[in-house]
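Please keep the model open in your viewer and follow the selections below in order. Each stop says what to pick and what is to be found there.

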Amino acid sequence: MAGVTARRARKQRAFRWIVVIVLGLFFLVPLFAMLMFTIREPDGHYTFETWRQFFDWPQLASTYPDLWTGMRSSGELVLLTVALMLVLLVPTVVWVRLRLPWLRRVIEFICLLPLTIPAIVLVVGLAPVYAWVTYFLGGSPMTLTFAYTVLVLPYAYRAIDAGLSGIDVKTLSEAARSLGSSWGTVMWRVVLPNIRSAVLSASFLTVALVLGEFTIASLLNRTNLQVAVELLGKSSATMSVAVSLAALVLAFILLFALSFAGRRRGQNRRSIRETS
Amino acid sequence: MTFQERPLDRDASSVGAAGGRDTVPTPTSNSVAVHLNGLRRRFGGVQALDNLDLEMAPGELIALLGPSGCGKTTALRVLAGLEDADSGRVLVGGKDITELPANRRDMGMVFQAYSLFPHLTALQNVEFGLGLRRVRSAQRRERAGAMLDLVGIGTHADRYPHQLSGGQQQRVALARALAIQPQVLLLDEPLSALDAKVRVQLRDEIRRIQLEVGTTTLFVTHDQEEALAVADRVGVMRAGRLEQLGPPDEVYQRPSTAFVADFVGLSNRLPGTVSGDRVEVLGTALPLVPGAASGIGSGAVNALVRPEAVDLAVDPDGRGRVLAASFLGPTSRVSVAMPDETMVVAQVASALLPELAPGTAVRIELRPVPVVVEAA
Ligand SMILES: Nc1ncnc2c1ncn2[C@@H]1O[C@H](COP(=O)(O)OP(=O)(O)O)[C@@H](O)[C@H]1O
Ligand SMILES: [Mg+2]
């Protein structure tokens, strides 16, 4: 009996490793190919010249001004979008939970919509809106933050909603209110500290998504990192691939950190014990 | 924020001396009267509060008792400012606070669900309200520590809520509510999630602490034993209004309506006949609770008789037959069938049980304690 169980456990373990390895190859081989492309000369020598240039930011800025602008735009877009997403989403979701529970399904539906609409269709809808945005705010790439906030809603909403499900928001906020907290204090000192890892998840997902976004920026004629990379590909293929690789790796690291943060939280939960 | 620094009128060292107190509330200088005036609140088709009036004396502990859904929590939440009444006023210390938001009301609350902030230790939880009142850090810590000592959990100050048992968490919640020296303390079924033994222990301790700090307190519960044990006065609620408000013994011994008699304690419903201020039940004339028969007049009624007012005597000529007995410890409940198929439940000393096997013929005697009646 025990032998059967042990054998099955061993089989399952083997299967898990196979899955991990296949998936690992699936993700890593292209990355490895990209890396090789950036460090191999046509004559077969290896050189890190591209990477030296990549990390020498002042020189990078002067050699590839468009790339530099794109990188900076995307960096700023990341910050703006994360901020806008949090400011919009956290209070809304909390308020809906506290005061308008019947609206929850509606909000969830609205937040998931962007997932079901292809980016190209989204752009068709966004174009007339952005005509107005351009009219009022100019053509700065920063205006993309509105579109991106919409785009990250499905992921960010999920993350934050899951975080809020882990605590009794209603009771906690009522306890804080009765102790004398304003609504701002309730948000800042009671809700946020208890959904920190959810907020972190939502932010990481936003960063990954904004760094990788190409379609909307390109179709709305704004330059972000991916648009710049694509342009650069026509003149300096190695640098463009190096930048893409760096962006991908950064996104991977963030997602990895995210799952790690989630794991840590889970372990805390499991350590709950009754000590009467 | 309207918080004055009031010195704690007790220190941690006086805690142990609390045992010898009598049970008369001793209002301290900061005890205030509370007045709920004609509160109404409707949720869709449900009238949760239906013209509720309640006056609480300074330092008094009133237990709101009633079946689930009768509006107890709603009443407490309206007093706390967490729910708006459709009409009616809330007065605390003579001031009308009906329009005041919850965070400016200065009320300490203990909830049924565990409500400690999970990211803060026990001590930090208790400090929370003091921090909002700009109490300096050292003083805050000292006061929070004293509060944790008061509720008997000072040694667990650095534990997080998930490291505390349910009973311990409710103690910390009580300390947190009291730390801000609230005008009113509100407890919404604070013990209902705990197991029986802890429940009784903590219940008595809540009363001890309440007497010590003298805060006017509203204690909501659906457990009649709990209500009778802790309260100065018990308010029995039914469908959004107060059915009876009085000291525990009065509510128990002289229930003003059949509903109260039924809900507080166990009652037999026995057929009887009213004449004047007496009701004849099973051949015995029992006095009526004053006013209990008004609106019924004379004639056939059901009288509500407590099991402890029923005596059994083994008598071969008795008209009752013992049906069953359930052992409750020092006393037991014995159910007896009468020839007309009425069932009478009697409470007897358990020592008598061996004589009262099922089938035994018994004579029933009713003690002449006042009873309420309802139309038959
Ligand atoms: N937020 C609410 N929305 C709808 N109905 C409610 C709400 N709160 C209370 N009720 C209803 O009001 C009545 C009284 O509720 P409550 O005060 O919680 O009763 P109790 O605490 O005595 O069990 C119940 O019928 C309940 O369903
Ligand atoms: Mg309730």
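Begin by selecting chain A and drawing its surface: in this predicted model, the accessible surface of chain A comes to about 16,000 Å², and carbon and sulfur atoms account for 69% of that area. With the chain still selected, switch to a C-alpha trace, whose atoms fill a box of roughly 70 × 70 × 35 Å when taken along the principal axes. Of the 276 residues in chain A, 39% are buried.

Next, change to a cartoon and colour by secondary structure, which brings up 13 helices and 0 strands in chain A, so that the pattern read along the sequence is α-α-α-α-α-α-α-α-α-α-α-α-α. If you display contacts between residues of chain A at least 6 apart in sequence, 74% of them join residues that are at least 24 apart.

Now colour the segments that the unreviewed UniProt entry lists under "transmembrane region", namely residues 17-39, 77-98, 110-133, 139-157, 197-220 and 240-261 of chain A. Two of these spans can be examined in turn. Select residues 17-39 of chain A, where the span is 100% helix and 0% strand, with its end C-alpha atoms 31 Å apart; then select residues 77-98 of chain A, a span that is likewise 100% helix and 0% strand and whose end C-alpha atoms lie 31 Å apart.

Return to the surface of chain A and select A:Phe15, A:Val19, A:Leu23, A:Phe26, A:Phe27, A:Leu28, A:Leu248 and A:Phe252, which together form a nonpolar patch with about 770 Å² of accessible area. Which helices each supply at least two residues of this patch? They are helix H1 (2-39) and helix H13 (237-270) of chain A, and the largest share, 6 residues, comes from H1(A).

Within this patch, centre the view on A:Phe15, which has its place in helix H1 of chain A. Is A:Phe15 buried or exposed? Its relative accessibility is 56%, and A:Phe15 therefore counts as exposed, the cut-off for that class being over 50%.

For the last stop, move to chain B and colour it by the domain assignment, which gives domain 1 (14-253) and domain 2 (263-375). Placing a marker at the centre of each, taken over C-alpha atoms, shows a separation of 38 Å between domain 1 of chain B and domain 2 of chain B. To see where the two meet, select the residues in contact across the boundary: 10 residues of domain 1 of chain B are in contact with 6 residues of domain 2 of chain B.

Methods:
Residues numbered from 1 in each chain as written. Chains lettered and ligands numbered in written order. Predicted model: local features only at pLDDT ≥ 70, side-chain atom pairs only at ≥ 80, totals over all residues. Heavy atoms only, no water. Patch = residues over 30% accessible without salt bridge, like charges linked within 9 Å, V, L, I, M, F, W, Y side chains within 5 Å. Areas by Shrake-Rupley, 256 points an atom, 1.4 Å probe, with all protein chains shown as cover. Salt bridge = Lys/Arg side-chain N within 4 Å of Asp/Glu carboxyl O. Helix = DSSP H or I, 4+ residues; strand = E, 2+ residues; numbered from the N terminus. Buried < 20%, exposed > 50% of the residue type's maximum accessible area, 1.4 Å probe, protein only. UniProt positions renumbered as here; feature names shortened; annotations may be inferred. Contact = heavy atoms within 4.5 Å. Domains from an automatic or database assignment.
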